[in-house]
Each structure stands twice: as structure tokens, then as C-alpha cells.
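Subject: Structure for you to look at

Dear colleague,

I am handing over the structure we spoke about, with the sequence alongside. Please open it first, and then read my notes below with the model in view.

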Amino acid sequence: MNDQQRLQLITAAIEEFRPAVQRDGGEIELVAVEGDIIRVRLTGACTTCSLAGQTLGTLRRRLVAVLGAPVRVLPAALG
């Protein structure tokens, strides 16, 4: 799979995941893909939620399933 196909799969997985985050008053945005590191920005209610780490873990498991390879999902700095 080339980089463009990989980026499309990552973007699609985040778009599928977004409604669940939005239902809880948050938002998620893809910021960067750097090798096996995927950086996302959580905003809204996610910025103060104690479960934000679990949200990132759930997204990571989905991305591993979609990509068929291990990845790390890390929060991007605000601003």
C-alpha cells in the first residue's frame, strides 16, 4: 500500500469514529501522519475528559485493524 492509500484509510477511519466523539461534545481532527505515529487533535469536551486516553486507544485499535500494522496514536498540541 502506498502513502496516499494509507492516508485515505486513516482519514476514513477517523471520519467513521468522529460521530461517537461528537456525541459526547468533542471533536477529533487528523493533524499528521509520521511513519507509524498518527497525531490527532481532540477538542471540545475532549480537552477536559478523563477518558480522552481511552478514546485514543479505541481509535488506535481501529486503525491497527484497518491498516493491518501497528501504529501509535498521539495527541497533537493545541494551537
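In this predicted model, strands β2 and β3 run parallel and are joined by 4 bridges. One place to see this pairing is Ile38, whose bridge partner in β3 is Val73. Between these two strands the chain passes through α2, and the resulting β-α-β crossover from β2 to β3 is right-handed.

On its other pairing, β2, which spans residues 37–44, runs antiparallel to β1 and is connected to β1 by 8 bridges. Within that pair, Gly26 is found opposite Gly44 of β2. Taken together, the strands form an open sheet of 3 strands in the order β1-β2-β3, and the pairing in this sheet is mixed. Its edges are formed by β1, residues 26–34, and β3, residues 72–75, each of which pairs on one side only. If you look at how neighbouring strands lie relative to each other, they are turned by 30° on average, with direction ignored.

Both helices pack on this sheet. Helix α1, which covers residues 3–23, touches β1 and β2, and its direction makes about 165° with that of β1. Helix α2, residues 52–67, touches β1, β2 and β3, and its direction makes about 140° with that of β2. Counted over the whole protein there are 2 helices and 3 strands, and from the N terminus on the elements follow one another as α-β-β-α-β.

Turning to the interior, the largest nonpolar core contains 17 residues, and the residues with the most contacts inside this core are Ile28, Ile38, Val40, Leu59, Leu63 and Val73. At least two residues of this core come from each of α1, β2 and α2. Leu63 is a useful residue to select here: leaving out residues up to four places away in sequence, Leu63 touches Ile10, Ala13, Ile38, Gly68, Val71 and Val73.

Two residues of helix α1 may be worth a separate look. Arg18 lies in this helix, and Arg18 counts as buried because its relative accessible area is 15%, which is under the 20% limit. With residues up to four places away in sequence not counted, Arg18 is in contact with Glu27, Ile28 and Glu29. Leu7 also has its place in helix α1, but Leu7 counts as partly exposed because its relative accessibility of 34% lies between the limits of 20% and 50%. Apart from neighbours within four places in sequence, Leu7 touches Leu30 and Val33. The C-alpha atoms of Leu7 and Leu67 are 9.9 Å from each other, although the two residues are 60 apart along the chain.

As for the overall dimensions, the radius of gyration is 12 Å, which agrees with the value near 12 Å that a compact globule of 79 residues would have. Along the principal axes, the C-alpha atoms fill a box of roughly 35 × 25 × 15 Å. Of the 79 residues, 30% are buried. Among the contacts between residues at least 6 apart in sequence, 49% join residues that are at least 24 apart.

With best regards

Methods:
Residues numbered from 1 in each chain as written. Predicted model: local features only at pLDDT ≥ 70, side-chain atom pairs only at ≥ 80, totals over all residues. Heavy atoms only, no water. Pairing = 2+ DSSP bridges. Axes fitted to C-alpha atoms, helices over the stretch in contact; angles between N-to-C directions. Contact = heavy atoms within 4.5 Å. Core = buried A, V, L, I, M, F, W, Y, C linked by side-chain atoms within 4.5 Å. Buried < 20%, exposed > 50% of the residue type's maximum accessible area, 1.4 Å probe, protein only. Right-handed = clockwise from strand over helix to strand, strands pointing away. Rg over C-alpha atoms; globule rule 2.2 N^0.38 Å.
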